[in-house]
Amino acid sequence: MKTLNDFDFNNKKALIRVDFNVPLDEDFKVTDNTRIVSAKPTIIKILEDGGSCVLMSHLGRPKGVQDQFSLKHISEEVSNVLGVAVKTVSDCVGKEAEAAVEALQPGEVLLLENLRFYSEETAGDEKFAEQLSKLGDIYVNDAFGTAHRAHASTTIVAKFFPENKCFGYLLAQEIESIQKVMETGEKPILAVLGGAKVSSKITIIENILDKVDHLIIGGGMTFTFIKAQGGKIGDSICEDDKMELALEILKQAKAKNVQVHLPVDVLAANAFSNDADTKVLDVTEIPDGWQGLDAGPKSIENFNKVVLESKTILWNGPLGVFELPTFANGTIALGNSIAEATKNGAFSLVGGGDSVAAVKQFGFEKKVSYVSTGGGAMLESLEGKTLPGIAAILD
Ligand SMILES: Nc1ncnc2c1ncn2[C@@H]1O[C@H](COP(=O)(O)OP(=O)(O)OP(=O)(O)O)[C@@H](O)[C@H]1O
Ligand SMILES: O=C(O)[C@H](O)COP(=O)(O)O
């Protein structure tokens with residue numbers, strides 16, 4: 001398999017699938033440009049080789065052509081991040097797009113219009129992929145965030161470039177980070193899984209039980225495990241139909257020699273509100289009318305010890321309702337512990353939508369080893385799935 005560095009892009013046009021599905025405010029200004037910044041090294045390498053870049057992406061989930069999802073809204077931000085003028089075109093296939101690519105000179109960047117203005121994109125339509133394939137000499141996939149979608153631009157198009165396809169630097173780095181945790185990680189390996197529900201994490205838990213030495217379970221998931229073991233959880237969030245599964249997971253963990261760490265205490269509240277009355281309670285002794293919304297001080301201390309003893313750390317999902325400042329302490333404390341472990345030489349990977357949001361909000365982004373740009377793509381990777389966008393390049 002060829003890497004980006006195996007290609008000389010001099011006088012070549014690179015067709016690059018990026019994931020510029022970035023958040024916009026009501027004035028269509030980009031509010032988080034991480035995904036654009038992350039794609040920059042690949043684009044710059046190609047321009048420095050003397051090539052040109054044809055960037056293709058989706059934005060949102062439009063139904064047909066909808067102006068609010070036009071990529072023209074982000075072209076200025078892309079240009080600012082790259083430090084290069086960015087040309088735009090009002091289509092992503094067909095005569096107009098082809099003419100714009102034809103006119104592109106070495107050192108220039110063209111941003112195509114939103115791929116999802118065509119339903120053929122998400123349908124993985126082969127003819128549409130073939131039309132896209134006319135827009136470049138070499139296909140580069142750097143869209144990790146969309147690598148779990150078998151869409152025309154992420155997967156199908158690769159077959160039209162049998163010899164001329166590769167991952168961009170970002171996608172290669174994402175794959176390497178996951179491998180560092182799931183395959184080559186230095187022991188002891190720890191996974192911290194938080195977030196709201198057990199049901200959305202089951203496959204991940206089952207997959208990682210074969211890889212990790214320690215598993216911290218926190219956040220809303222906690223209470224399904226505690227109730228299943230006979231604890232009183234009051235009004236805390238719980239999935240009753242997953243209690244048997246929770247017990248099964250604990251059994252499997254024991255059989256596989258994985259140490260599971262659950263909170264022993266919680267910060268409970270008498271309402272789901274930042275201004276609610278709060279008290280620290282034993283996690284198995286929460287009375288009706290109260291709900292656990294964050295890890296308690298003893299739990300935080302226990303988790304800190306496990307984190308500091310680990311050499312490889314995966315973090316997915318917050319430890320509490322971090323969006324409300326009253327219940328953000330557990331998540332902040334965990335971030336601090338992971339930052340300290342990282343400083344001491346551990347490898348730490350943060351992935352998943354809400355944990356990445358928490359890491360950014362509390363300023364841990366530069367203090368962990370790697371923050372993934374993928375939400376769903378990261379979760380599916382942790383479930384052990386081979387992502388179609390990755391498989392299409394490896395093929
Ligand atoms: N004790 C709790 N009670 C209720 N909700 C909680 C609790 N702890 C955490 N949460 C909520 O869980 C949500 C995050 O859950 P989710 O499973 O989506 O996390 P994630 O894995 O980081 O994100 P994603 O699934 O998007 O990758 C947050 O909105 C947070 O408020
Ligand atoms: O933001 C994401 O997770 C990716 O861009 C994929 O978007 P999608 O869930 O609409 O396919």
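Is F362 buried, exposed or partly exposed? In this predicted model, F362 is partly exposed, with a relative accessible area of 23%. Its value falls outside the buried class because that class is reserved for residues under 20%. F322, by comparison, is buried, at a relative accessible area of 3%.

A good place to begin is helix α12, which spans residues 353–361. Its buried residues are S355, V356, A358 and V359. These cover an arc of only 160° around the axis, and they therefore lie on the same side of α12. Such a pattern fits helix geometry, since an α-helix has 3.6 residues a turn and residues three or four places apart point the same way. The cover over the buried residues of α12 includes β15 (312–316), α11 (329–343), β16 (347–350) and β17 (370–371). Just after the helix, G363 adopts a positive phi of about 80°.

Turning to the aromatic rings, four aromatic pairs are counted. One of them joins Y139 and F161, whose ring centres are 5.9 Å apart with planes at 25°, so this pair is stacked. Y139 belongs to strand β5 (residues 138–141) and F161 to the loop between β5 and β6 (165–167), so the pair ties together parts 22 residues apart in sequence. Both Y139 and F161 are buried.

F322 and F362 meet in another way: their ring centres lie 6.3 Å apart and their planes stand at 75°, so the pair is edge-to-face. F322 sits in the loop between β15 and α11, while F362 sits in the loop between α12 and β17, which links distant parts of the chain, 40 residues apart.

Finally, a charge is found over a ring: the charged end of K279 sits over W290, 4.4 Å from the ring centre.

Notes:
Residues numbered from 1 in each chain as written. Chains lettered and ligands numbered in written order. Predicted model: local features only at pLDDT ≥ 70, side-chain atom pairs only at ≥ 80, totals over all residues. Heavy atoms only, no water. Buried < 20%, exposed > 50% of the residue type's maximum accessible area, 1.4 Å probe, protein only. Helix = DSSP H or I, 4+ residues; strand = E, 2+ residues; numbered from the N terminus. Arc of directions from axis to C-beta. Contact = heavy atoms within 4.5 Å. Phe/Tyr/Trp six-rings, centres within 6.5 Å; stacked < 30°, edge-to-face > 60°. Lys NZ or Arg CZ within 6 Å of the ring centre and 35° of its normal.
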